[in-house]
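Colleague: Before I plan anything at the bench, could you take me through this model, one point at a time?

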Amino acid sequence: MSRVEPRAAAASGKTFYIETFGCQMNVHDAEKVAGTLMARGYRPVETHEEADLILYNTCSIREKAAEKVFSRLGTLKKAYRNNPKVIGVLGCVAQQEGERIFERAPQVSLVCGSASYTKLPDLLDQLEFGNKRVTGLGLDTDECFETEVTRRDNPFRAYLTIIEGCDQRCSFCVVPTTRGPERSRPSDKILAECRRLVDEGYTEIQLLGQIVNAWEDASPARRSFAELLGRVAEVPGVRRVRFTTSHPRYFTPEIVQVIDSHPALCDQIHLPVQSGSTRVLARMLRGYSREEYLAKIDCIRRAKRAISISTDIIVGFCGEAMEDFEQTMTLLDAVEYDQVFSFKYSPRPKTSAVGFGDSVPEEEKGRRLSALQEYQRQIQLRRNQAAVGHDFEVLVESFQPRLGQAVGRTTSNRVINFPGAPEWVGRYFHVRVTAAGPNSLVGVRADQADPGGVTP
Ligand code: SAM
């Protein structure tokens with residue numbers, strides 16, 4: 001397709017609607033795509049009915065997630081048969097399905113994977129010029145998606161991508177083929193963005209990457225990931241720093257040390273294990289054994305601060321025998337996670353595990369998933385009950401008018417509901433926990449509670 005001159009003016013007054021599926025990186029990509037559109041005159045709207053341009057920012061990590069977008073496209077086809085709109089598919093399904101999307105959904109005009117977002121302005125030029133089929137599907141890039149404008153959807157927590165793509169070859173995972181090779185942003189750019197975020201009023205920053213701790217500094221400073229964490233935490237005005245997702249292979253004791261020495265680094269680590277069986281981990285090509293993973297957990301547990309640990313687990317991976325699954329269950333006891341995100345294995349195109357077959361029947365996967373979730377529910381309940389009587393600092397993220405409850409989050413990523421007021425949203429309070437469930441806590445403001453609470 002030919003290069004056309006920028007036509008920002010052509011977009012002025014046009015509206016767009018963007019719906020996002022999947023991980024936090026997708027959420028943040030959508031914020032940057034929205035910023036790119038707004039910088040050229042598009043106005044965001046809340047529904048697709050009001051929009052001239054409709055975008056779906058998609059996820060293909062499991063089959064169900066990928067199919068969702070085609071169901072949305074089917075709905076749009078019926079709704080706009082006599083009033084066609086410009087429709088685009090972005091993200092992982094766009095990259096995975098490529099031009100096949102035009103066959104399955106001929107009403108789509110734009111198909112663009114995340115590794116091609118740097119080309120979005122060009123692609124938008126082409127659309128505004130009247131082109132009906134526009135694609136950005138190249139994967140061979142060393143560029144990150146930098147934008148002048150980012151529309152931030154969360155008023156308190158600012159996402160900041162430090163590394164894009166993924167070079168791991170986990171046998172179950174589609175990400176390397178949908179997001180392209182790893183490319184890290186230089187530390188000076190990251191730190192400058194943190195300072196800008198503080199100027200805009202953000203106090204919490206979440207650093208993002210598919211493998212966030214595989215980040216490598218391309219700037220002359222050559223900082224390590226742990227040094228970067230320390231530098232971000234030292235930016236004046238930053239009160240909370242989170243980072244996700246860490247891979248156990250790159251998880252070093254320095255990360256724990258820097259958390260210990262910088263109070264602004266949240267006491268929370270998400271460290272996906274995927275399976276408790278060394279045999280399954282080897283088939284998954286994860287690059288660590290059960291024992292090596294547990295050694296990393298031990299290092300986290302020896303920190304001066306109590307650090308909350310969460311994980312991702314896949315059940316029913318091809319060849320997972322009952323003994324392997326039992327190993328995953330005993331790992332739950334060994335680690336005592338504060339939160340577990342668990343999934344049934346879903347075979348994905350272009351992954352090496354597709355060649356292994358899908359040997360665990362769906363029904364059995366479902367049974368294992370329920371057993372694991374029920375067991376973990378009890379662990380979480382026990383761990384949360386141990387928080388009763390303790391005081392925690394929370395950032396209030398929302399207010400539920402019907403219940404008169406403020407919803408706050410601790411640095412360890414626990415949610416505490418407590419009697420509050422709408423104007424508390426965005427402020428920090430100390431809250432004493434009075435009751436606990438498996439997924440959240442209940443409390444009262446510590447300065448309004450009976451004396452005798454304990455700050456952990
Ligand atoms: N990049 C991160 C990593 O490797 O740890 C996380 C990527 S993914 C967005 C989040 C989780 O989805 C993974 O940790 C894994 O548990 C799950 N997942 C990935 N591929 C899957 C598949 N084929 N079937 C089921 N779950 C999957």
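Modeller: What follows is a set of questions and answers on the ligand site, the cysteines and several single residues.

Colleague: What kind of model is this, and how are its residues numbered?

Modeller: This is a predicted model, in which local features need pLDDT of at least 70 and side-chain atom pairs count only at pLDDT 80 or more, while totals for chains, interfaces and linings use all residues. Side-chain values use heavy atoms, with hydrogens and water left out, and residues are numbered from 1 along each chain as its sequence is written.

Colleague: Which residues come nearest to the ligand?

Modeller: A residue is taken as near a molecule or strand if one of its heavy atoms lies within 4 Å of it. There are 16 residues around the ligand, and those that come nearest are F172, Q210, Q274, D312 and S346.

Colleague: How far is a nitrogen atom of the ligand from a polar backbone atom of S346?

Modeller: A polar contact is a pair of N or O atoms within 3.5 Å; within protein, one must be able to donate a hydrogen and the other to accept it, and residues adjacent in sequence count only if both atoms are side-chain atoms. A backbone N or O atom of F172 lies 3.0 Å from a nitrogen atom of the ligand, and an N or O atom in the side chain of R286 is 3.4 Å from an oxygen atom of the ligand. For the polar backbone atom of S346, the distance to a ligand nitrogen is 2.8 Å.

Colleague: How much of the ligand's accessible area does the protein cover?

Modeller: Accessible areas come from the Shrake-Rupley method with a 1.4 Å probe, and for residues only the protein chains shown count as cover. On its own the ligand has 570 Å² of accessible area, and the share covered by the protein is 93%.

Colleague: Which elements give two or more residues to the shell around the ligand?

Modeller: Helices (H or I, at least four residues) and strands (E, at least two) are DSSP runs, numbered from the N terminus. By that reading, the elements that give two or more residues to the shell are β13 (308-315) and β14 (339-344).

Colleague: Where is F341, and which residues does it contact?

Modeller: F341 has its place in strand β14, and at 36% relative accessibility it counts as partly exposed (buried means under 20% relative accessible area, exposed over 50%, partly exposed in between, with a 1.4 Å probe and protein chains only). Contact means heavy atoms within 4.5 Å. Leaving aside neighbours within four places in sequence, F341 is in contact with H270, T311, D312 and I313.

Colleague: Is N213 buried or exposed, and which backbone atoms does its side chain reach?

Modeller: N213 is found in the loop between β10 (204-208) and α9 (225-234), and it counts as buried because its relative accessibility is 5%. A polar atom of its side chain lies 2.9 Å from the backbone nitrogen of H247. The side chain of N213 also reaches, at 3.2 Å, the backbone oxygen of Y250.

Colleague: Why is C23 not bonded to C59?

Modeller: A disulfide is a pair of cysteine sulfur atoms within 2.5 Å, and by this rule the count comes to zero. C166 is in no disulfide, the nearest cysteine sulfur being that of C173 at 6.3 Å. The closest cysteine sulfur to that of C23 is in C59, and this is too far for a bond because the separation is 6.4 Å.

Colleague: Which residue shares a polar contact with the side chain of D391?

Modeller: D391 is found in strand β15 (residues 391-400), and it is buried, with a relative accessible area of 8%. At 2.6 Å, a polar contact joins its side chain to that of R432.

Colleague: Which residues are in contact with D29?

Modeller: D29 has its place in helix α2 (residues 24-39) and is buried, with a relative accessible area of 3%. Neighbours within four places in sequence aside, its contacts are N57, S114, Y117, F145 and R179.

Colleague: How far apart are the C-alpha atoms of L294 and L331?

Modeller: L294 lies in helix α12 (residues 290-301) and is in contact with L331, A334 and V335, leaving aside neighbours within four places in sequence. L294 and L331 are 37 residues apart along the chain, and their C-alpha atoms are separated by 8.6 Å.
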